[in-house]
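Hello,

Here is the structure I promised to pass on to you. Have a look at it first, and then read my notes underneath.

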Amino acid sequence: MAASNLPYMKTNPKIIFFTDFDGTITLEDSNDAMIDNLGYGRDKRREGNLAVLEGTMSFRDSFRDMLDSIKTPYNECIEYLKKNMKLDPYFVEFYHWSRENNVPIVVLSSGMIPVISALFEALLGGKPDDHLYIVANEVESRDGKDINSEGGWKIKYHDDSHFGHDKSLEIKPYAALPDNVRPTLLYAGDGVSDLSAAAETDLLFAKQGKDLVTFCERQGVPFTLFESWESILATTKDILAGKVSVKKVAQEGLDKAHEGANKA
């Protein structure tokens with residue numbers, strides 16, 4: 001596909017920043033919060049997570065089962081999340097910097113677009129600017145019910161993949177661009193569903209202490225650790241200014257991770 005036909009290329013950016021939402025941009029996972037507090041609880045959710053990690057259940061089936069345990073009307077779920085979710089404070093700074101420096105942000109999430117949109121609107125203090133895009137699953141009526149009624153909503157998956165949303169599909173057309181027009185592709189994430197996306201990008205920011213770090217080490221995917229968006233912002237600024245190469249950041253990240261593993 002020609003670069004001019006790709007939506008995130010319309011401003012000819014030097015960098016496109018792809019990112020997960022839950023637990024990456026937010027301090028907590030909004031889906032986990034709903035399942036733990038409005039659904040069947042943390043212990044049952046952890047069983048489902050373990051089944052996915054052990055390969056006995058697909059993420060798609062496990063996540064649907066978890067969300068189906070939430071009978072709270074959709075609008076009440078949104079209100080609950082607005083009261084309880086917080087953004088990484090440095091993401092707000094990154095968001096404003098990226099707008100001023102022509103760095104599109106593309107949120108690729110296993111969550112649901114209406115939930116993410118509502119949280120951004122509440123936590124950013126208004127509707128996000130058009131340099132921020134959201135690609136995720138949808139919410140739909142269960143059995144023709146009003147979604148704002150008891151047990152009235154369910155997730156509508158983005159695609160047929162075992163994740164329900166194969167995040168790499170959104171990145172591949174950009175990764176395939178010729179070198180003379182292809183921007184640097186960055187990605188931030190924390191979970192297993194981010195691995196396919198990370199493999200398509202030039203550098204992955206992987207959240208310290210999360211499953212994604214382990215998977216990257218096993219698969220040999222270049223990455224650098226982050227604890228907050230403070231370090232992501234600093235590194236992205238340096239990459240854009242040409243002060244540091246993506247390869248150097250990835251190598252340093254790998255060295256640091258190995259140092260940490262050797263000390264443990």
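Below is what I found, beginning with the sheet and ending with the helices beside it.

Please keep in mind that this is a predicted model. Its sheet is open and has seven strands, in the order 4-3-2-1-5-6-7, with mixed pairing. Strand 4 (153–156) and strand 7 (223–226) are at the edges; each has a single partner strand, so one side of each has no neighbour in the sheet. From one strand to the next, the twist averages 25 degrees.

A bit of background may help here: strands of a sheet pair through backbone hydrogen bonds, either parallel or antiparallel.

Now find strand 5 (residues 184–189), where five of the six residues are buried. Which strands does it pair with? On one side, strand 1 (residues 15–19) runs parallel to strand 5 and is joined to it by five bridges. One pair to look for there is F17 with its bridge partner L186 in strand 5. Strand 6 (residues 203–207) also runs parallel to strand 5, with four bridges between them. Here A188 has F205 of strand 6 as its bridge partner, and G189 stands opposite A206.

Two helices are worth finding next. Helix 5 (residues 89–100) packs on the sheet and touches strand 1, strand 2 (105–112) and strand 3 (132–141), with its direction at about 135 degrees to that of strand 2. Helix 10 (residues 229–240) packs on the sheet too, touching strands 1, 5, 6 and 7, and its direction makes about 160 degrees with that of strand 1.

Enjoy exploring!

Best wishes

Key: Residues are numbered from 1 along each chain as its sequence is written. This is a predicted model: local features need pLDDT of at least 70, side-chain atom pairs count only at pLDDT 80 or more; totals for chains, interfaces and linings use all residues. Side-chain values use heavy atoms; hydrogens and water are left out. Buried means under 20% relative accessible area, exposed over 50%, partly exposed in between (1.4 Å probe, protein chains only). Helices (H or I, at least four residues) and strands (E, at least two) are DSSP runs, numbered from the N terminus. Two strands pair if DSSP finds at least two bridges between them. Axes are lines fitted to C-alpha atoms, for helices over the stretch in contact, and angles run from 0 to 180 degrees between N-to-C directions. Contact means heavy atoms within 4.5 Å.
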